[in-house]
Amino acid sequence: MRKKLLILPLFFFLLIVLIFYYLLIIERNPYELPSNLLNKDVPLFETESLLKEEKFISDKEFKKEITLVNFFATWCKPCQDEHMYIKRFANDKGLKIIGINYKDNSEKAILWLKKLGNPYATVAVDKNGRIGIDWGVYGIPETFIVNSKGIIKYRHVGPITKTEYEKISLLINEVK
Amino acid sequence: MITKDFILIKVFIITIIILLAQTCKNNCLAVEPDEILQNQEQESRARYISKNIRCMVCQNQSIDDSSAILAKDLRILIRNKIKEGYTNDEIFTFLTERYGDFILLKPPFKLSTLALWSLPFIFFLIGIFVVFKHNKNSIRS
């Protein structure tokens, strides 16, 4: 009986090795964290619009159709890289996209959109990053899917790549 | 005589090390002068909260240590909330509502973290049991 018990430490050790090995080989980006706002209402906020004279009021913008919310800035290079996909969401998929210009210079942002094209229905100005904090933003670019009831269904941290573009394209059909 | 000098040098080196460690304790933080609150009690509360909040950008640092832009924004936000009269718990809740439990450097005790918190104690009890059993057996033989 005692001899048989001696095998236990070895068994536990192998189990731990197996768990570590599994965690090593699975494809996982530790930087990508699930949003705590999933399945919750869009945060309420009011701010200036970048391109229009009127105020940006979040209450008026959501709850009508599926909307993408994209945090971007001119100082963020990956934002430039993903811009072609944001434009494709607007042009090919006909999605409403709200841009949030995060901690940026407004004049530069206007020029940036003129140069690269403007896929956004409206652009809200987040001068000091306070709106970003309410959305749990920690590394722009970040993109959220908000369904037609104004509930956040998905968050992606980092630039939108081809795979991510396809993933979001599929998801939009599901979250309706 | 030589041994006495040797001891003196030893004491001297240890003192310097302790002093260096102290300066680091006071200066090696990312809090910038313009952020610090005038009210000392409020400032120490802000420091306590900041030390327990993870910097989401650098992930293994607290926002008190980090010079990331977001860390600075959160430090200022925490100080503003303190000035507005929020309690420590209210500020922690405010942040976890937005960023999730991951923003707390110490995981909270709840059902999903039950194993995390209780396993060390369980292993400790198993250890005591094994040692006790082993001792009893060795005395017998």
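This passage describes a sheet in chain A, one loop residue of that chain, and the contact between chains A and B, all in a predicted model.

In chain A, 5 strands come together in an open sheet, and reading across it gives the order 5-4-3-6-7, with mixed pairing. The edges are taken by strand 5 (122-126) and strand 7 (152-157) of chain A; each has a single partner strand, so one side of each is left without a neighbour in the sheet. From one strand to the next, the twist averages 20 degrees.

At one of these edges, strand 5 of chain A pairs with strand 4 (residues 96-102) of chain A in the parallel sense, over 5 bridges. Within this pairing, A124(A) of strand 5 has I100(A) standing opposite. Helix 7 (residues 162-175) of chain A packs on the sheet, where it touches strand 6 (142-146) and strand 7 of chain A. The direction of helix 7 makes about 20 degrees with that of strand 6 of chain A.

Away from these elements, it is worth pausing at Y31(A), which sits in the loop between helix 2 (7-25) and strand 1 (46-48) of chain A. Y31(A) counts as exposed because it has 12 C-beta neighbours inside 10 Å, and a residue with 12 or fewer falls in that class. Along the chain, Y31(A) and L6(A) are 25 residues apart, and their C-alpha atoms are separated by 41 Å.

Turning to the contact between the chains, chain A contributes 8 residues and chain B contributes 10. On the chain B side, helix 3 (69-83) and helix 4 (88-99) are the elements that give two or more residues. By character, the chain B residues touching chain A comprise 6 nonpolar, 3 charged and 1 polar.

Definitions and conventions. Residues numbered from 1 in each chain as written. Chains lettered and ligands numbered in written order. Predicted model: local features only at pLDDT ≥ 70, side-chain atom pairs only at ≥ 80, totals over all residues. Pairing = 2+ DSSP bridges. Helix = DSSP H or I, 4+ residues; strand = E, 2+ residues; numbered from the N terminus. Axes fitted to C-alpha atoms, helices over the stretch in contact; angles between N-to-C directions. Contact = placed C-beta atoms within 7 Å. Buried ≥ 20, exposed ≤ 12 C-beta atoms within 10 Å, placed from the backbone. Nonpolar A, V, L, I, M, F, W, Y, C, P; charged D, E, K, R; others polar.
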